Amino acid sequence: MIDYFAIESEHGSGLYAKQPVAFVRGRGAQLWDEHGEAYLDCMAGHGVANLGHAHPQVAAAISEQAAALITCPETYCNDRRSELLAQLCGLVPDLERAFFCNSGTEAVEAALKFARLSTGRTGIVATMRGFHGRTFGALSATWNRQYRAPFEPLVPGFRHVPYNNVAALAEAVDDETAAVILEGVQGEGGVHPAEPGYLEAAQQLCRQRGALLILDEVQTGYGRTGKMFAFQHWDVQPDLVCLAKSIAGGLPMGAVLIGSRVANLSPGLHGSTFGGSPLACAAALATLQVMRAEDIPAQAAEKGAALLAGLRAIDSPLIREVRGLGLMVGIEIKQKVAPYMQALLERRVVALPAGLTVIRLLPPLVIAREQIDRAVGALAEVLAGPLEG
Ligand code: PLP
């Protein structure tokens, strides 16, 4: 039998702490390793596989499009891209244009550039615990020192304020601010939802002071929180919305939805070779269709409530707090999560950490109720008492 772990450890970049498990197949919220062993997937490829693995409609759209036309740069029009633009820009009022790229960090990078271009200002206000990606602009908006420090100096003009703190935001946004960038639920930072009124206050400040509001929906987007976009939980109208992860059913795709206050986008100022490829657009169209047909956001709301209730009923001295929105859930514990993640994996449940002390669950939104019960049962077992790290 081929030792995938040995090969990846020897020849991979070295940038990932690898688990000695090789997944070779998936269906819905289930993954199988090379030995045929089944795992319950509560990470969905870091929030990518919202429709589950190998969704038949998405798989069919990809294979049909691959046989028709895979690539077509945005300097030429394309049937699939036109269709997607029309559908995407009809999802919420005032976001009438879209820029396509290939990942979350690229979507953030583009939104930051658009904000500077539009306002002629350089300042960006981001938040503590925020995560926006790893390229230089996005990394400059990201908070975690561990990610930032080795690559300094970063892009000038960025500052970070405490999340969910309107007064700090009001103090930071001034007439040099091009944009405020926020997540509706901070994901990597430990699964912290915005408090009622926070995003509305951010929007108001931006409008008053001539800045743009960028909402990073890379992780929260497309149904995960129980609405198509997390910002729809609140009465807020962003100027730029960053999307990626789940929007093309698992194919790499990023997008920025662009509102009417964004100006000065003209030919040649920004672009992407792969952005808006017919293949990604076909996958994204199929994804949207399934989202609507199966009312995936409503499923996430209902199942998320069941998951939160199940987790909150666990009687464990280790749990500090269970929080989340829809199927974006964090369990903050009083110890480091690493041994608990390992214990979950031994029980064939794949979850994610968010920082040192939060176990994050981002299951496919099509997860079955009995699979939710299984996840809760496994968590109750591993959190029954302290484990050695
Ligand atoms: N923004 C948010 C909120 C994210 O959660 C992530 C990734 O986890 C990113 C941006 C970066 O996305 P990508 O890894 O596709 O570059």
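These are my notebook entries on two sheets, a ligand site and a few single residues in a predicted model.

**Entry 1: the seven-stranded sheet**

I started with the open sheet of seven strands, and I read its order as S4-S12-S11-S10-S7-S5-S6, with mixed pairing. Which strands stand at the edges? I found strand S4 (95-101) and strand S6 (158-161) there; each has a single partner strand, so one side of each lacks a neighbour in the sheet. From one strand to the next, the twist averages 20°.

Next I followed the S4 edge inward. S4 pairs with strand S12 (residues 254-259) through six bridges, in the antiparallel sense. I picked out one pair here: Arg 97 has Ile 258 in S12 as its bridge partner.

Then I looked for helices against this sheet. Helix H4 (residues 79-88) packs on it and touches S4 and S12, with its direction at about 135° to that of S4. Helix H9 (residues 198-209) also packs on the sheet, where it touches S5, strand S7 (177-182) and strand S10 (212-216). I noted about 145° between the directions of H9 and S10.

**Entry 2: strand S11**

I went through S11 (residues 240-243) one residue at a time. Leu 240 and Cys 242 point one way, Val 241 and Leu 243 point the other way, and all of them are buried. Why the switching back and forth? In a regular strand, side chains alternate between the two faces of the sheet.

How do the neighbours run? S10 and S11 are parallel and are joined by three bridges, while S11 and S12 are antiparallel and are joined by four. On the S10 side I found Ile 214 opposite Leu 240 of S11. On the S12 side, Leu 243 has Ala 255 as its bridge partner.

**Entry 3: the ligand and His 132**

I listed what surrounds the ligand: Ser 103, Gly 104, Thr 105, Phe 131, His 132, Gly 133, Glu 183, Asp 216, Val 218, Gln 219 and Lys 245. Which side chains come up with polar distances to it? I wrote down three:

- Asp 216 has a side-chain N or O atom 2.7 Å from a nitrogen atom of the ligand.
- Gln 219 has a side-chain N or O atom 2.8 Å from an oxygen atom of the ligand.
- Lys 245 has a polar side-chain atom 2.9 Å from an oxygen atom of the ligand.

Taken alone, the ligand exposes 390 Å², and the protein buries 82% of that.

His 132 got a closer look. I located it in the loop between strand S5 (123-127) and helix H6 (136-141). Is His 132 buried or exposed? Its relative accessible area is 3%, so it counts as buried, the cut-off being under 20%. Its side chain makes a polar contact of 2.8 Å with the side chain of Asp 216. Leaving out residues up to four places away in sequence, I found that His 132 touches a list of residues including Gly 104, Thr 105, Val 108, Ile 181, Leu 182 and Glu 183. Ala 138, Ala 141 and Thr 142 are on that list too.

**Entry 4: the four-stranded sheet and its helices**

I then moved to the open sheet of four strands, which goes S1-S2-S3-S15 with mixed pairing. Its edge strands are S1 (23-27) and S15 (349-350), each pairing on one side only. S1 and strand S2 (residues 30-33) run antiparallel and share four bridges. Arg 25 stands opposite Trp 32 of S2.

What lies across this sheet? I found helix H13 (residues 369-382) across S2, strand S3 (38-41) and S15, at about 95° to S3.

Helix H12 (residues 338-346) came next. Its buried residues include Pro 339, Tyr 340, Met 341, Ala 343, Leu 344 and Leu 345. Their cover includes S3, S15 and H13, along with strand S14 (328-333), strand S16 (352-353) and strand S17 (358-361). After H12 comes Arg 348, with a positive phi near 65°.

**Entry 5: Thr 273**

My last stop was Thr 273, in the loop between S12 and helix H10 (278-293). At 66% relative accessibility, I logged Thr 273 as exposed, since the cut-off is over 50%. How far is Thr 273 from Thr 75? I get 9.9 Å in space, C-alpha to C-alpha, with the two residues 198 apart in sequence.

Note on methods. Residues are numbered from 1 along each chain as its sequence is written. This is a predicted model: local features need pLDDT of at least 70, side-chain atom pairs count only at pLDDT 80 or more; totals for chains, interfaces and linings use all residues. Side-chain values use heavy atoms; hydrogens and water are left out. Two strands pair if DSSP finds at least two bridges between them. Helices (H or I, at least four residues) and strands (E, at least two) are DSSP runs, numbered from the N terminus. Contact means heavy atoms within 4.5 Å. Axes are lines fitted to C-alpha atoms, for helices over the stretch in contact, and angles run from 0 to 180 degrees between N-to-C directions. Buried means under 20% relative accessible area, exposed over 50%, partly exposed in between (1.4 Å probe, protein chains only). A polar contact is a pair of N or O atoms within 3.5 Å; within protein, one must be able to donate a hydrogen and the other to accept it, and residues adjacent in sequence count only if both atoms are side-chain atoms. A residue is near a molecule or strand if one of its heavy atoms lies within 4 Å of it. Accessible areas come from the Shrake-Rupley method with a 1.4 Å probe; for residues, only the protein chains shown count as cover.
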